[in-house]
Amino acid sequence: MSAALFEVPVAAPEADLPRAEETALVIEDVVKYFGDGPSRRPWAKQPAKESVKAVDHISLTVQRGEIFGLLGANGSGKSTLIRLISTLLIPDAGKITVFGVDVQQDEKAVKRLINRVSVEASFFKKLSAAENLLYGARLYGLPVGEARPAALQILQQLGLSEKRFNEPLEHMSRGMQQKVAIARGLLTSPRLLLLDEPTTGLDPRSKKDVQDFVQRMRREHGTTVFLTTHDMDEADRLCDRIAIINSGRIVALDTPHGLKQLIGARNGQAGQTSMEDVFMALTGRSLDDDNLEEPE
Ligand SMILES: Nc1ncnc2c1ncn2[C@@H]1O[C@H](COP(=O)(O)OP(=O)(O)O)[C@@H](O)[C@H]1O
Ligand SMILES: [Mg+2]
């Protein structure tokens with residue numbers, strides 16, 4: 001990948017960062033309700049019945065250059081947490097900082113440091129991959145002359161063949177569309193890349209292309225990656241550390257090895273523990289049962 005891609009003017013220059021921050025992301029005791037949570041009904045002792053505590057007192061820290069995975073079943077609160085980090089939702093309690101910048105106090109500065117890629121990415125389906133990317137680049141104020149070669153290069157590295165660049169997106173598989181979404185997320189050279197289920201619903205080949213690319217981003221550019229997944233192998237292979245989320249709470253947080261050791265020791269079978277065993281032991285559920293359908 002050319003160095004030019006990472007010198008586009010919209011990304012905050014290193015000097016703009018508060019300090020040489022070693023910490024990319026700090027989440028402190030964050031709570032998010034949907035419906036009538038107690039913060040909106042301060043007089044009520046209990047939240048209304050229909051309210052959902054999607055994020056329930058979550059705290060975690062992600063270091064610069066880390067690939068951090070949030071592993072959980074459908075409905076466990078993963079996307080809500082990603083939306084809170086990316087300023088799309090406001091927490092009911094707690095605090096989030098990105099490279100030392102508070103998401104509520106300086107939304108604009110945070111937006112320059114991050115990009116979010118989600119499974120429900122929206123595109124102009126009649127336009128081609130290249131056109132969608134250039135449109136995205138314009139929105140961010142990137143010069144087209146720089147954005148075009150950069151966009152094409154990212155697509156190539158993601159394994160999308162050049163002859164497909166000018167085909168309407170509606171003719172492409174979900175896997176290919178997801179690659180275009182990732183390429184768009186990278187155009188602004190984010191320092192913190194938020195990937196919400198980047199490989200969900202992808203065929204094995206596309207899955208591997210995306211996983212390889214995430215590792216390459218970190219290796220070559222030191223990008224910090226915060227990703228959500230319900231794929232245990234993916235979390236195991238790709239992530240430096242994993243937080244397991246269940247009903248809005250973090251039930252464990254460690255390296256894949258550390259998690260397996262913890263559960264292995266508890267079960268008296270250290271060394272033979274899989275991530276699946278870890279997940280079952282900590283959440284009491286199997287991910288296979290409730291993730292057969294695509295997330296909404
Ligand atoms: N906009 C919303 N309005 C109401 N409830 C929501 C909304 N978004 C998410 N939820 C609820 O919050 C919980 C967590 O959802 P979500 O963060 O999407 O989980 P995940 O991404 O892990 O599948 C679920 O119970 C979901 O139904
Ligand atoms: Mg989700």
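This note goes through the surroundings of ligand 1 and then the packing of three helices in a predicted model.

1. A good place to begin is the set of residues that surround ligand 1, which comprises Phe34, Val52, Ala54, Ala73, Asn74, Gly75, Ser76, Gly77, Lys78, Ser79 and Thr80. Sorted by class, this shell holds four nonpolar residues, six polar residues and one charged residue.

2. Three polar approaches to ligand 1 can be looked up in the structure one after another. An oxygen atom of ligand 1 lies 2.6 Å from a polar backbone atom of Gly75, and an oxygen atom of ligand 1 is also 3.1 Å from a backbone N or O atom of Ser76. With Ser79 the partner is a polar side-chain atom, which is found 2.8 Å from an oxygen atom of ligand 1.

3. As for how far the ligand is covered, ligand 1 taken alone exposes 550 Å², and the protein buries 62% of that area. Two elements, β2 (52-63) and α1 (78-85), give two or more residues each to the shell around ligand 1, and the one that gives the most is α1, with three residues.

4. Turning to the helices, please look at helix α5 (residues 174-186) beside helix α6 (residues 204-221), which pack with their axes 10 Å apart and at an angle of about 15 degrees. Because angles under 35 degrees count as roughly parallel, α5 is described as roughly parallel to α6. The crossing in which α5 passes α6 is right-handed.

5. Helix α5 also has a relation to helix α3 (residues 129-139), since the axes of α3 and α5 come within 10 Å and cross at roughly 25 degrees. That angle makes α3 roughly parallel to α5, and α3 passes α5 in a right-handed crossing.

6. For a student reading such descriptions, it helps to remember that two packed helices are described by the angle between their axes together with the distance between those axes.

Methods:
Residues are numbered from 1 along each chain as its sequence is written. Chains are lettered from A and ligands numbered from 1 in the order in which they are written. This is a predicted model: local features need pLDDT of at least 70, side-chain atom pairs count only at pLDDT 80 or more; totals for chains, interfaces and linings use all residues. Side-chain values use heavy atoms; hydrogens and water are left out. A residue is near a molecule or strand if one of its heavy atoms lies within 4 Å of it. A polar contact is a pair of N or O atoms within 3.5 Å; within protein, one must be able to donate a hydrogen and the other to accept it, and residues adjacent in sequence count only if both atoms are side-chain atoms. Accessible areas come from the Shrake-Rupley method with a 1.4 Å probe; for residues, only the protein chains shown count as cover. Helices (H or I, at least four residues) and strands (E, at least two) are DSSP runs, numbered from the N terminus. Ala, Val, Leu, Ile, Met, Phe, Trp, Tyr, Cys and Pro count as nonpolar, Asp, Glu, Lys and Arg as charged, and the others, Gly among them, as polar. Axes are lines fitted to C-alpha atoms, for helices over the stretch in contact, and angles run from 0 to 180 degrees between N-to-C directions. Angles under 35 degrees count as roughly parallel, over 145 as roughly antiparallel, 65 to 115 as roughly perpendicular and the rest as oblique. A crossing is left-handed if the near helix is turned anticlockwise from the far one by less than a right angle, and right-handed if clockwise.
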